Amino acid sequence: MTDLPLRNKRILVTHADAFMGPVLCEVLARQGASVIANTDPLLDPDAPAAIVAAAGHVDVLLANLAIPAPTTPATEVDEDEWRATFAALVDPLPRLVRAVLPAMMERGAGKILVMGSASALRGIKRASSYSAARGAQLAYVQAVGVEVAPHNVQVNAIAQNFVDNPTYFPPEVQANPRFQERLKREVPLGRLVGAEEDAAFAAYLCSDAANCFVGQVFPMCGGWVPR
C-alpha cells in the first residue's frame, strides 16, 4: 500500500474555500490527513479561538488567509483600506497561534504553516497595503518559529506568487494575452506554478519529514523571487 505521510494528522485549514484552500484540502486528504476545513472569515476577534476549540486536537495549523489584493496608489491608501487589509490577513494569525500553540508545546509536537505571499519579498507598484500585511505575516512566522523550536513545534511559511489559484489568478486573468506576456517577461519558469505543485510542497512541510525547518520562508514563485 502506498505510504501516506500525513496519516493520523489532524490539519486545520483556514479560509478553506479561497486562495489555496480547496487544493490544499484535497492534497492533504489524499496523503492521509484528517482535514478540518474552516471557511470563517476570522474577522471576529473571538473566532480563531472558537474554531480551534471546535476542531479539538490539531496537529497542524495551516493558516491560509486571503483577500483580493487592493491595487491603490500609496498616496491614496486610506485608513479603511489599511485597517481592512490587516484585519483580514494579519490580525487572525496571532489569534490562531495563541489558540493552538499551548497544546502543541505541551505535547512537544506540532506545526504551523502560513500560506503567505512573495509580494513581501519584492516590491510591487500599487500594492503597499497588501505587501505590508503579507510582510507582517512573514516577520511573525520567523519570530515565533525560533521561539517555539525548542518545544519541537515548527512554524514556517510559503511565500508565493504566480501560483495557479482562483483568488489571485482566476481563469479570466490567465486567458488574457497581456498576462501571458507578463508571465514570460517576469517569471523565469515561464508559467504559473501549478496548484498541486504548491500544495504538495505544503503537504511536505506538514509532515514529520520536515521537522528540521525553523521560522523558514520558502518562496514559491517560479523564480520571480530567487532567494
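Two strands pair if DSSP finds at least two bridges between them. In this predicted model, strand S3 (residues 60-64) and strand S4 (residues 110-117) meet that condition with five bridges, in the parallel sense. Within this pairing, Val60 stands opposite Lys111 in S4. Both strands belong to an open sheet of six, whose order is S2-S1-S3-S4-S5-S6 and whose pairing is parallel. The edges are taken by strand S2 (34-37) and strand S6 (217-220); each has a single partner strand, so one side of each is left without a neighbour in the sheet. On average, neighbouring strands of this sheet are turned by 20° against each other, direction ignored.

The aromatic side chains offer a second view of the fold. A pair of aromatic rings is described by the distance of the centres and the angle of the planes. Eleven aromatic pairs are counted in the model. In one of them, Phe19 and Tyr168 meet edge-to-face, with 5.3 Å from centre to centre and 85° between the planes. These two residues are 149 residues apart in the chain: Phe19 sits in the loop between strand S1 (10-13) and helix H1 (21-30), and Tyr168 in the loop between strand S5 (153-160) and helix H6 (171-174). Both Phe19 and Tyr168 are buried.

Trp82 and Phe86 form a stacked pair, because their ring centres are 5.0 Å apart and their planes lie at 25°, under the 30 degrees that counts as stacked. Both residues lie in helix H3 (residues 79-89), four residues apart, or about one turn of the helix. Trp82 is partly exposed, at a relative accessible area of 31%, whereas Phe86 is buried, at 18%. Elsewhere, Phe162, Phe169, Phe179 and Trp224 form one aromatic cluster.

Conventions:
Residues are numbered from 1 along each chain as its sequence is written. This is a predicted model: local features need pLDDT of at least 70, side-chain atom pairs count only at pLDDT 80 or more; totals for chains, interfaces and linings use all residues. Side-chain values use heavy atoms; hydrogens and water are left out. Rings of Phe, Tyr and Trp (its six-membered ring) pair if their centres lie within 6.5 Å; planes under 30 degrees apart count as stacked, over 60 as edge-to-face and the rest as tilted. Buried means under 20% relative accessible area, exposed over 50%, partly exposed in between (1.4 Å probe, protein chains only). Axes are lines fitted to C-alpha atoms, for helices over the stretch in contact, and angles run from 0 to 180 degrees between N-to-C directions.
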